[in-house]
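Welcome! Take a first look at the structure below, then work through the exercises at your own pace.

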Amino acid sequence: MKFNLKSMAYASVLALALGVSATQADETCMSPYMAKIVGQEDFVYVWTLGEEGLGDEQDKLVTISVNPSAPDYGTVIETLSVGGRNEAHHSGLTDDRHYLWAGGLDSNKIFIFDVHSDPAKPTLFKTIDDFVAKSGGVVGPHTFYALAGRIMITGLSNNADHGGRTALVEYTNTGDYIATHWMPTDDNLQGAIKSGQFADGYGYDLRAMPRRNAMFTSSFTGWNNYMMDFGTMLQDPEAMKRFGNTAVVWDLHTRKPKKVFDMPGAPLEIRCAWKPENNYCFTTTALTSQIWLMYEDEEGEWQAQAVGDIGDPSKIPLPVDISITADDNGLWVQTFMDGKARYFDVSDPFAPKQTYEKVIGSQLNMISQSWDGKRAYFTSSLLDNWDKKGEADEQFFKSYTWNGEELNLEFEIDFKAEKLGSAHQMRFGAYGLYGMERPWEAAAAAVNKSDKSSDLAAQ
Amino acid sequence: MSKLSEQRKRVLLALVLLMSSLIHNVDASSESSPTPEAYLAPGWGKLSFDAPLAGSYNLPAIGQAEDGAVLKSNGDPARLHKLMDGKVTVLSFVYRTCDDVNGCPLSTMVLYTLGNRIAEDPALKDRMRMLTVSFDPEFDTPDVMAEYGESILGDADIDWEFLTTNSETELAPILKDYQQSVVKDRRQEESVEKERNRFSHILRVYLIDEQKQIRNIYSLSFLHPDILVNDVKTLVMEADAASAD
């Protein structure tokens with residue numbers, strides 16, 4: 001088999017669409033079911049909250065060019081507003097990466113964007129506005145997680161009391177409802193083992209580990225709290241009691257809960273190790289500032305334990321998004337209150353050690369890193385009512401390179417100055433996923449071909 | 001498992017191990033990507049957990065399995081719905097020259113193993129049919145699919161149809177209906193002396209009940225004979241319970 005360098009590069013891009021291995025991801029936190037980007041991403045799609053008095057005030061999908069070889073590198077190349085404010089929050093791609101699902105925690109609307117027809121110019125394919133009715137009362141569509149040919153959505157709340165009891169809701173990739181799976185509670189454990197004091201039925205994030213037929217969920221708080229002003233909520237003792245204290249391991253295939261773990265202080269994002277021998281997942285607790293490990297013991301039983309602190313828990317740094325590296329040895333942990341990105345060496349998952357930190361901004365939430373770990377992107381917004389006030393309410397997208405020792409800023413976009421809104425979740429896109437050549441590379445190749453033809457004609 | 005099926009499995013495994021090394025070399029030479037390790041999907045080995053017991057879970061309907069015009073391997077025109085009539089159906093898409101270790105050879109091997117296990121069970125033998133449709137009508141003519149089917153099946157007693165279509169135009173709506181993502185390698189299109197097509201595709205296999213509703217979709221992470229056998233049994237048990245009511 002003979003390949004020149006150009007064809008090898010092309011083969012590398014083609015591998016994007018194959019999804020041949022759970023160890024070939026771009027964003028290292030994505031579903032193992034998903035098609036993978038092996039090389040350089042071309043776009044970051046930022047699901048952005050509209051802000052009153054800023055630009056068109058609407059939630060929007062912002063497309064940023066992030067390939068350094070692109071002529072428009074480092075700029076916003078497209079915005080797509082969705083006609084109102086919904087408390088835009090998280091987003092997720094389907095397994096074939098044809099559609100990007102993005103949710104509104106307040107309106108319960110779900111926007112499905114077509115990102116495959118023209119990855120540089122997403123379009124709105126469908127809006128789901130009956131999520132609560134279809135799901136049987138689930139409120140606050142949060143995580144959108146790719147399974148084979150479908151999307152699993154975690155809820156944050158319910159329409160009965162707008163508290164934290166909620167469910168997982170399953171849809172087809174193109175937006176047809178399939179099923180609702182309620183979280184186990186003391187009233188109805190659904191066959192799950194309650195391993196501690198709590199079975200609160202709360203929800204937040206979700207990850208799957210197909211190699212162990214396992215699915216994991218964490219827990220946050222209901223609509224009553226996440227739509228409340230942050231300062232007001234902190235002063236309300238009753239409100240502060242209404243946070244999740246659990247994580248659940250599920251049978252992935254049957255969608256049945258197997259075991260409920262106590263995990264006090266609102267465990268949020270879940271990230272599972274990639275290597276087949278590393279059967280564990282990390283999460284961090286927002287209020288108690290701890291790193292937790294859910295792991296399979298030698299008997300094949302899933303266990304959970306706190307394995308380290310993040311900063312000084314007494315100061316409530318509020319760990320938010322986390323990101324595991326492709327080799328399972330590193331964990332980025334963002335703390336909202338001090339705006340820090342913190343890198344933990346987790347080569348011993350039972351003993352994480354923080355080895356680096358950097359202040360990214362006055363507040364910090366999300367991170368997306370490339371598969372090789374050399375690029376990391378950060379955004380600022382947590383929730384509309386929880387973001388800082390006044391000048392401290394910086395809203396940004398920042399692109400860094402990581403050399404293993406320090407983060408170096410490559411470019412940043414001020415979402416307020418650009419009148420875009422509050423920057424939240426990021427997802428990657430690439431031409432190669434859809435068999436498309438990058439336009440600037442195709443143009444250069446055409447010029448080359450034309451030059452060669454001219455040379456031949458002149459001979 | 002019969003001696004014959006073991007032999008066929010070994011031949012398939014040898015093929016994919018070869019292909020695995022090729023994939024590794026291509027990726028390792030790329031300047032823009034890290035070196036991925038050669039990886040064999042779980043379907044090639046022993047399932048690393050016990051498949052949930054048949055009948056102990058529900059498989060909610062994912063949507064209607066769409067119809068489409070196809071050609072049987074004897075050249076006769078047929079409709080997908082007609083072929084699905086009265087049986088639980090397992091549907092896969094492949095192309096004859098696919099050499100992705102975790103693509104078509106994987107799904108073919110898993111379906112072959114599934115078919116044998118179902119064939120060995122008198123209660124299930126006549127309840128399941130497998131349909132494999134080619135992505136590549138340009139090269140995978142009915143004759144080619146017939147040869148392909150014979151090379152896979154040998155004398156195995158499995159209800160398995162190897163199908164193709166008249167043209168890419170006739171294939172396109174089927175792929176669209178099943179949301180089967182396929183990207184044709186452009187280099188092949190540009191080649192003057194094209195000998196074969198290449199495609200990149202998400203591996204998907206569909207489980208369809210007797211009412212022609214899709215009840216499960218499998219990608220490489222979960223495509224394993226142990227899981228499929230129990231899912232097929234679950235649908236048969238469900239159908240039997242419904243007809244008894």
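**Exercise 1. What percentage of the 459 residues in chain A is buried?**

Before starting, keep in mind that this is a predicted model.

Step 1. A residue is called buried if 20 or more other C-beta atoms lie within 10 Å of its own.

Step 2. By that count, buried residues make up 56% of the 459 residues in chain A.

**Exercise 2. Describe the overall build of chain A.**

Step 1. Begin with the elements: chain A holds 6 helices and 31 strands.

Step 2. Next, take the outer dimensions. Along the principal axes, the C-alpha atoms of chain A fill a box of roughly 85 × 55 × 45 Å.

Step 3. Now compare with a rule. A compact globule of 459 residues would have a radius of gyration near 23 Å, and the 22 Å of chain A agrees with this.

Step 4. Finally, look at the contacts in chain A with a separation of 6 or more: 53% of them join residues that are 24 or more positions apart.

**Exercise 3. Find out how confident the prediction is, and where confidence drops.**

Step 1. For the model as a whole, the scores are ipTM 0.89 and pTM 0.90.

Step 2. In chain A the average pLDDT is 91, and 90% of the residues score at least 70. Residues 1-28 of chain A have a pLDDT below 50; this stretch has 79 contacts in the model beyond near neighbours in sequence.

Step 3. In chain B the mean pLDDT is 83, with 81% of its residues at 70 or more. Over residues 14-37 of chain B, pLDDT stays under 50, and the model has 41 contacts beyond four places in sequence for them.

**Exercise 4. Which strands stand at the edges of the sheet β19-β20-β21-β22 of chain A?**

Step 1. Write down the order. This open sheet of chain A has 4 strands, β19-β20-β21-β22, with antiparallel pairing.

Step 2. Look for strands that pair on one side only: these edge strands are β19 (267-272) and β22 (302-309) of chain A. From one strand to the next, the twist averages 25°.

Step 3. Zoom in on one pair. Strand β21 (residues 290-296) of chain A runs antiparallel to β22(A), and 7 bridges join them. Within this pair, Tyr295(A) has Gln303(A) in β22(A) as its bridge partner.

Step 4. Follow the chain through the turn. β21(A) and β22(A) form a hairpin with 5 residues between them, and Gly300(A) in the turn has a positive phi of about 80°.

**Exercise 5. Work out which strands of the sheet β27-β28-β29-β30 of chain A have a side without a neighbour.**

Step 1. Here too, 4 strands of chain A form an open sheet, in the order β27-β28-β29-β30, and the pairing is antiparallel.

Step 2. β27 (367-369) and β30 (407-414) of chain A each have a single partner strand, so one side of each has no neighbour in the sheet. Ignoring direction, neighbouring strands of this sheet are turned by 20° against each other on average.

Step 3. Inside the sheet, 5 bridges link β28 (residues 375-379) and β29 (residues 396-402) of chain A, which run antiparallel. Opposite Thr379(A) stands Phe397(A) in β29(A).

**Exercise 6. Sort three loop residues of chain A: buried, partly exposed or exposed?**

Step 1. Recall the cut-offs: 20 or more neighbours for buried, 12 or fewer for exposed, and partly exposed in between.

Step 2. Glu87(A) sits in the loop between β3 (76-81) and β4 (88-93) of chain A. Glu87(A) is buried because 22 other C-beta atoms lie within 10 Å. Its phi is near 60°, a positive value in a residue other than glycine.

Step 3. His162(A) is in the loop between β11 (157-158) and β12 (167-172) of chain A. His162(A) has 17 C-beta neighbours inside 10 Å, so it counts as partly exposed. Although not a glycine, His162(A) has a positive phi of about 55°.

Step 4. Asp187(A) belongs to the loop between β13 (177-182) and β14 (193-194) of chain A. With 8 C-beta neighbours inside 10 Å, Asp187(A) counts as exposed. Between Asp187(A) and Gly201(A) there are 9.5 Å in space, C-alpha to C-alpha, and they are 14 residues apart in sequence.

**Exercise 7. How many of the 16 residues of α3(B) are buried?**

Step 1. Locate the helix: α3 of chain B covers residues 104-119. From its first C-alpha to its last, α3(B) reaches 22 Å, close to the 22 Å expected at 1.5 Å a residue.

Step 2. Count the buried residues: they are 13 of the 16, and α3(B) is mostly covered.

Technical notes: Residues numbered from 1 in each chain as written. Chains lettered and ligands numbered in written order. Predicted model: local features only at pLDDT ≥ 70, side-chain atom pairs only at ≥ 80, totals over all residues. Helix = DSSP H or I, 4+ residues; strand = E, 2+ residues; numbered from the N terminus. Expected span 1.5 Å × (residues − 1). Rg over C-alpha atoms; globule rule 2.2 N^0.38 Å. Contact = placed C-beta atoms within 7 Å. pLDDT = per-residue confidence, 0-100. Pairing = 2+ DSSP bridges. Axes fitted to C-alpha atoms, helices over the stretch in contact; angles between N-to-C directions.
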